[in-house]
Amino acid sequence: MTITATRLEVLPVSGRIGAEITGAKLGGDLDAATVAGIRAALLTHKVVFLREQGHLDDGAHQAFARTLGTPVGHPTLPGDGGDFLLELDSHRGGKANSWHTDVTFVPDYPAISILRAVLVPPAGGDTTWANCVSAYERLPASLRGLADGLWAVHSNDYDYTANQEAPDAALDAYQATFASTIIETEHPLVRVHPETGERALVLGSFFKRFVGHGQDEGRRLYDLFQSHVTRLENTVRWRWRVGDVAIWDNRATQHYAIDDYNGAHRVMRRVTLAGEVARGMDGRSSRRIA
């Protein structure tokens with residue numbers, strides 16, 4: 001049975017990124033008009049949020065994901081609860097408290113991520129997103145010119161301990177699986193979005209080095225551009241409730257799951273959708289190098 005088209009309301013959450021959508025009950029049987037409305041809001045606002053989606057189970061979560069694209073598994077982590085569903089359980093190392101774009105260590109990293117809140121702490125555990133398109137657009141012209149010609153290596157062998165406040169055996173084990181196969185890819189620093197034509201900075205914690213630049217110089221360049229991505233006015237922060245769903249354009253954003261809940265239990269489940277091989281300003285494509 002096909003659900004009758006619903007009337008969506010899209011309410012911006014912050015000035016540059018993020019909107020809340022009301023009027024939709026997510027599932028695999030959404031009508032085409034509703035799916036198109038969700039997708040249009042996503043491309044405009046980069047991340048959209050829907051509350052009160054507690055009816056979703058793992059199967060319905062994945063069925064809804066298929067209305068927006070083709071689900072793909074994680075390249076190094078096993079699925080949980082379904083072929084394409086990844087569980088992020090804080091008691092089993094499933095934390096991501098660093099700025100990143102999902103899976104940029106492969107050339108065709110996911111286009112869209114769909115995250116569902118299963119268990120949330122009584123306080124803390126928010127997620128913050130940053131708009132990589134507006135970050136590029138607001139660079140001074142001289143820095144945009146520099147960025148347009150830079151390429152960088154991304155790897156899943158990254159410094160995951162950078163924001164780790166205390167020893168965490170579960171996180172260490174999770175990271176060992178995450179980096180069990182080392183994958184490295186060269187990406188343009190500035191990616192042309194395949195649907196909107198917008199230009200976005202491709203950075204985040206999977207960044208390894210800039211091609212043609214030494215480590216120290218490359219790190220200074222990284223800090224320069226990354227600081228524009230994560231300026232507070234370029235971000236939105238979401239306070240989770242059980243049953244919330246966040247959908248983000250992984251080609252145009254970074255995100256940060258804040259680990260401030262002092263050992264409380266947090267469980268999220270995510271489905272990612274297949275992306276395209278990234279292309280830079282000069283038309284060259286990203287390429288896997290290891």
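**Note on helix α1 and its surroundings**

1. In helix α1, the residues Thr34, Val35, Ile38, Ala41, Leu42, Leu43 and His45 are buried; this is a reading of a predicted model. It helps to recall that an α-helix has 3.6 residues a turn, so residues three or four places apart point the same way.

2. The buried residues of α1 pack against several elements, namely the strands β1 (9–12), β2 (19–22), β3 (47–50), β6 (112–119) and β14 (245–249), together with the helix α2 (58–68).

3. Helix α1 itself runs over residues 32–45, which makes 14 residues, and from its first C-alpha to its last it reaches 20 Å, close to the 20 Å expected at 1.5 Å a residue. Its N-terminal end is capped by Asp31, from which a side-chain oxygen lies 3.1 Å from the backbone nitrogen of Ala33, while after the helix comes Lys46, which has a positive phi, near 75°.

4. Turning to the strands, β1 and β2 pair in the antiparallel sense over four bridges, and within this pair Val10 stands opposite Ile21 of β2. Six residues lie between the two strands of this hairpin, where Gly18 takes a positive phi near 95°.

5. Strand β2 also pairs with β3, here in the parallel sense and over two bridges, with Glu20 standing opposite Phe49 in β3. The chain passes from β2 through α1 to β3, and this β-α-β crossover is right-handed.

6. Which residues of β2 are on its covered face, and which on its uncovered one? Ala19 and Ile21 form the covered face, whereas Glu20 and Thr22 form the uncovered one. As a general point, in a regular strand the side chains alternate between the two faces of the sheet.

7. Thr196 sits in the loop between β10 (190–192) and β11 (199–201). Is Thr196 buried or partly exposed? Its relative accessibility is 32%, so Thr196 counts as partly exposed, given that buried means under 20% and exposed over 50%. The side chain of Thr196 makes a polar contact of 3.1 Å with the side chain of Glu198, and, although Thr196 and Thr44 are 152 residues apart in sequence, their C-alpha atoms are 9.1 Å apart in space.

8. Ser286, in the loop between β16 (267–273) and β17 (287–288), is buried because its relative accessible area is 7%, which is under 20%. The side chains of Ser286 and His187 are joined by a polar contact of 2.6 Å. Leaving aside neighbours within four places in sequence, the residues in contact with Ser286 include Pro107, Trp151, Thr185 and Val277.

How values were computed
Residues are numbered from 1 along each chain as its sequence is written. This is a predicted model: local features need pLDDT of at least 70, side-chain atom pairs count only at pLDDT 80 or more; totals for chains, interfaces and linings use all residues. Side-chain values use heavy atoms; hydrogens and water are left out. The expected span of a helix is 1.5 Å times one less than its number of residues. Buried means under 20% relative accessible area, exposed over 50%, partly exposed in between (1.4 Å probe, protein chains only). Contact means heavy atoms within 4.5 Å. A polar contact is a pair of N or O atoms within 3.5 Å; within protein, one must be able to donate a hydrogen and the other to accept it, and residues adjacent in sequence count only if both atoms are side-chain atoms. Two strands pair if DSSP finds at least two bridges between them. A crossover is right-handed if, with the strands pointing away from the viewer, the path from the first strand over the helix to the second runs clockwise.
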